[in-house]
Amino acid sequence: MTQAETVLSVEGLFAQTASGPRLLGSSCARCKSAYFPRSESCHNPDCSDPEMQDAQFGPYGRLWSVTTQGYQPPAPVITQEPYSPYAVGFIDLDDQPLRVVSRLRTDSPDEVKVGCRVKLVLAPLGLDDEGREVVSWQFEPMENDE
Ligand SMILES: [Zn+2]
């Protein structure tokens, strides 16, 4: 048996760096506004002469809101088979004034608490139509959550 090929869920949204997983976004060199996903322009109406740069965000944040995906979402969402409910949350990143939505990596989706500390990880979502393991960014609740 050969090891399944691994693919990223979406190119250009996240990457494994030498420092660990990071989200790929943009920041404005003039006003420092941060954007995820990347933005070609600055949306700050008070920003004159914006200058966009690629930026990496993460890996730490705090869970602002959470819910459980109780039913299996339709394609193109990739899930494990057989389906098992998972948690989805909004995360306030530590290093930027950004709130991002993400699947949460946990075996107990109903026990995740708003306000807990989370860390960015890359983790499998399931298999695509070609049998390849699809990996995406997720946030994992931290054991020591202070
Ligand atoms: Zn700007």
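Donors here are N, O and S atoms within 2.8 Å of the metal. By that yardstick, in this predicted model, the zinc ion is held by four cysteines: the SG atoms of Cys28, Cys31, Cys42 and Cys47 coordinate the ion at 2.3 Å. The angles among the four donor atoms run from 100 to 115°, and the site comes out as tetrahedral. Along the chain, the donors of the zinc ion are spaced as C-x2-C-x10-C-x4-C. Two of these ligands can be placed in terms of burial. Cys42 has a relative accessible area of 13% and so counts as buried, the cut-off being under 20%. Cys47, at 14%, is buried too.

Turning to the pockets, the largest has a volume of about 290 Å³. Its lining takes in 15 residues, with Gln80, Ser84, Pro85, Tyr86 and Thr106 lying nearest the centre. Strand S8 (99-104) and strand S9 (117-127) are the elements that give two or more residues to this lining. By class, the lining splits into seven nonpolar, five polar and three charged residues.

The second largest pocket comes in at about 250 Å³. Its lining includes Ser9, Val10 and Leu13, along with Val77, Tyr86, Val88, Leu125 and Trp137, among others. Here the elements that put in two or more residues are strand S7 (86-93), S8 and strand S10 (133-141). S8 makes the largest contribution, with three residues. The lining of this second pocket is made up of eight nonpolar, three polar and one charged residues. Tyr86 turns up in both pockets: Tyr86 is among the residues nearest the centre of the largest pocket, and Tyr86 also lines the second largest.

Definitions and conventions. Residues numbered from 1 in each chain as written. Predicted model: local features only at pLDDT ≥ 70, side-chain atom pairs only at ≥ 80, totals over all residues. Heavy atoms only, no water. Donors = N, O, S within 2.8 Å, 3.2 Å for Na, K, Ca; no water. Tetrahedral: all angles 85-135°; square planar, octahedral: opposite > 155°, others 65-115°. Buried < 20%, exposed > 50% of the residue type's maximum accessible area, 1.4 Å probe, protein only. 1 Å grid on protein atoms, 1.4 Å probe; cavity = no way out; pocket = protein on both sides within 12 Å on 5 of 7 lines; lining within 4 Å. Points joined across faces, edges and corners; volume = space filled by probe spheres on them. Helix = DSSP H or I, 4+ residues; strand = E, 2+ residues; numbered from the N terminus. Nonpolar A, V, L, I, M, F, W, Y, C, P; charged D, E, K, R; others polar.
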